[in-house]
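Got the viewer open? Let's walk through it one selection at a time, starting where two chains meet and finishing at a ligand.

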Amino acid sequence: MGAGHHHQLYRPGDTLVHRLPPQCKLLAVAAFAIVVVATPRERFLAFGGYLLLLAAVAAVARVSPGFVLRRMVVELPFVLFAFAIPVIGLGERISIWGVSLSVDGLWASWNILAKATLGVIASILLAATTEPRSMLLGAQRLRMPQLLVQIATFMLRYLDVVLDAMRRMKVARESRGFQARDLRQAPILAKSAGALFIRSYERGERVHLAMLSRGYTGTMPVYRDISADVRQWLFAGALPVAAAALLFIS
Amino acid sequence: MHVPDGFFTASVSIGAAVVAAAGVSVALRNAKQELDDRTAPMAGLVAAFIFAVQMLNFPVAAGTSGHLLGGALAAILVGPYTAVLCVAVVLLVQGFFFADGGLTALGINITLMGIVTAAVAWGVFRLIVRVAPNRTAIVAGSFVAALVSVPVAALAFAALFAIGGTAPIDAGAVAAAMGGTHVLIGIGEGLITAVTVSSVLAVRPDLVYGARGLTKPLVLRTADGERVVEAPRGPEAKPIRPFLVGAGIVSLLLAGVVSFFASSSPDGLERVAEDKGFLGQASDHLFGGSALADYGDVGGIPVGVAGVLGVLITLAVGLGIAYLVRRKRKVTT
Amino acid sequence: MTLEVRDLAYAYPDGTQALFGVDLRISRGERVALLGPNGAGKTTLVMHLNGILTAGHGTVRVAGLQVGKENLQEIRRRVGLVFQDPDDQLFMPTVREDVAFGPANMGVRGAELDHKVTDALTRVGMLDAIDRPPHHLSFGQRRRVAVATVLAMDPEILVLDEPSSNLDPASRRELAQILKNLDVTVLMVTHDLPYALELCERALILSDGVIAADGPTRDILANESLLTAHRLELPYGFAIPSTGT
Ligand SMILES: Nc1ncnc2c1ncn2[C@@H]1O[C@H](COP(=O)(O)OP(=O)(O)OP(=O)(O)O)[C@@H](O)[C@H]1O
Ligand SMILES: [Mg+2]
């Protein structure tokens, strides 16, 4: 409970990107995602440029391409969906290798794949270079409402407990020959969910009580100064600004 | 159901973001009364739990799988306003930390999976519990509330898709497919929600927001025997009317804002495509013959009106529920 | 009077009533042992002392302040609580941040905060571990850090829930040394009767949710029928060293 987990997401390091205050990175990534989404889908050059920008960030942050690729599996359901669009899409059709595909569907598919992929890579890089806790501090700094930060703080803390308990229960279930095949297994999963809930709550509740007894009132104390100077804002801003520039020249 | 970047047009994304922001700030304002010292971590746990259970995809039928949306569970356990916040936090964390769900689609995701599910589920839940306020009704109410909330969210998705999806798929087909599979997913959601609520209810009834206000008297043991004293009562769940009013306002915002954006600024990519004459032909049958589909003037319906129509239908459903609730209340009181 | 509990009754939310009217008074500077069998309600009682649990009936007063929503911050500054399980107490990524958590919540910052942290860790002999994650420490080390987290807040009343359980004999002795050197009021829950005798001049027995005995530790431990009645046992071969009475 408590510390140093989520290793899968965060890649410790001491690069320029890692050292940037979290609030700068959060804003930069959000702005970058907006530029990407606002890009018309036929500007191939711009998309290529965005990818290069992200590659540059990854290089500076020393995040390996292999790591990014492995993390990109979250995108998989939508990749599958995107591939289906040309097949079920409406409108004018062309035939590629004997398969009749919708032209517009192909465009839509490309559009979703390109934008979603760029967005996913940007988020992966953000998470790889920013500790979850410091990300929350950044959010707090960006005036994210206190209550949301608080819920998110608790959520991250509980996440390990829940995931850990879930893993153990899954092992226990499967070692007794259980496999989720279809809806008929739902009651069993549901029962596990109920037990999981109580178990994790009671563990976390005790920690919360301990926090309360040491004067916690809902705000995590900030020990480190994370204010950003102009130079850092400029550096972080380079990503969305370069992306916007690409959008205009392409 | 996590919508990635690029799935919806920028205008719809922005519109939904405005709605989500409005919804979240309404929720923030009201959640303070639902949460106290002890329930704040509960909200965090509910968020973590939703997150964890969303990773547990349950197979539905014919190769598709669904996952818990969680809005219903959250609404019943921590109250509807806090529920919106929980789901919003889950989506924010998924988007920023886990790259799941696009950052520019956050507004859409929060609106659909947070606001719509929590509002629908809480409405249905209170309706049922009002009729018979006991443990069985709470569990049954949880099941039905969760079951209903999922397909409604799916239909809301389809409505948004009809206004501003980027994929050229027939909107009716989307609605049918989404609605259909999500009825099945809803059954799973209902089961998980009901079982979770009932196990929490059995062990820690104090943690179920929807079941507040039950305490037993205390016994005092003194030298001269035992004495019974009244225990202080816990806070009661808030009445439903203000909540429905809030939900109504959010729906109105949804209607107003999304269609405003959808009509006033056609999507950048389509504009460019049209400028280049690239989609000159295609845009006519972009969404086939569906009158609700294109946001040009297909079928003689002017720009934007199609969007408003879609949302009005949703609104009508919501108001219908509100009306039913009020009528039921009159009957029971 | 530093600590005053009157008529305290409490039932857990699931309906289990754990306290049935507890009365006790502890004066400034006293060191008191709270004894009692498993499930007697010791932990439950202790949780009321700094407002983690709210009295179902009766009152708890700390230095004259009634424990309640209005005074919580002040009460938690005065009453330091070391939990039964150090894993519940330690939740920050490093020992340093964990120890700093309490004082930082009280508004202490900068050099003063650093000083409080190093001072508390020095007192429990854990300064070397300052930058390590708590979950990498051994159980005994975690318990000591847990004590440091509370010492860093300079409490007037130190409440410890079974501080010596799961400690090896050396750590147990070192902890006793730390507690003896502290100049604060101490209430210590323990099943370790010799430890109670060594550290506390006064002992209470909590049984079935009420105080069943209150007196000098030596007298209580010498009263065999009282101990048996409340499922308490001295370790085999342990005898109360006789001095006078
Ligand atoms: N969270 C809880 N919910 C319900 N009942 C509880 C809870 N915690 C404790 N109890 C019950 O309250 C009673 C007192 O428990 P408490 O933990 O205070 O005992 P204790 O004296 O500290 O015991 P031990 O020596 O084992 O630590 C027990 O009957 C226990 O089962
Ligand atoms: Mg105990």
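Buried area here is the accessible area, with a 1.4 Å probe, that two parts lose on being put together, summed over both. Keep in mind that this is a predicted model.

Start by showing chain A and chain C together. They bury about 2,200 Å² between them, and 60% of that is on carbon and sulfur atoms. Colour the contacts next: 21 residues of chain A touch 28 residues of chain C.

Now zoom in on Arg214(A) and Asp98(C). These two form a salt bridge, with their closest N and O atoms 2.9 Å apart. The interface has two salt bridges in total, and five residue pairs are in polar contact across it. On the chain A side, select helix α9, residues 186-213: with seven residues, this helix gives the most to the face that touches chain C. Colour that face by residue type and you get 12 nonpolar, five polar and four charged residues.

Next stop: ligand 1. Select its shell and 15 residues light up, the closest being Asn38(C), Gly39(C), Lys42(C), Thr43(C) and Thr44(C). By type, the shell splits into eight polar, four nonpolar and three charged residues. Pick out helix α1 of chain C, residues 42-48, which gives the most to this shell, with three residues.

Which atoms should you put distances on? Try the side chain of Lys42(C), where an N or O atom sits 2.8 Å from an oxygen atom of ligand 1. For Gly39(C), pick the backbone: an N or O atom there lies 2.9 Å from a ligand 1 oxygen. Finish with Glu162(C), whose side chain has an N or O atom 3.4 Å from an oxygen of ligand 1. Switch on the surface, and the protein covers 68% of the 630 Å² of accessible area that ligand 1 has on its own.

Conventions:
Residues numbered from 1 in each chain as written. Chains lettered and ligands numbered in written order. Predicted model: local features only at pLDDT ≥ 70, side-chain atom pairs only at ≥ 80, totals over all residues. Heavy atoms only, no water. Near = heavy atom within 4 Å. Polar contact = N/O pair within 3.5 Å; in protein donor to acceptor, adjacent residues only side chain to side chain. Areas by Shrake-Rupley, 256 points an atom, 1.4 Å probe, with all protein chains shown as cover. Helix = DSSP H or I, 4+ residues; strand = E, 2+ residues; numbered from the N terminus. Nonpolar A, V, L, I, M, F, W, Y, C, P; charged D, E, K, R; others polar. Contact = heavy atoms within 4.5 Å. Salt bridge = Lys/Arg side-chain N within 4 Å of Asp/Glu carboxyl O.
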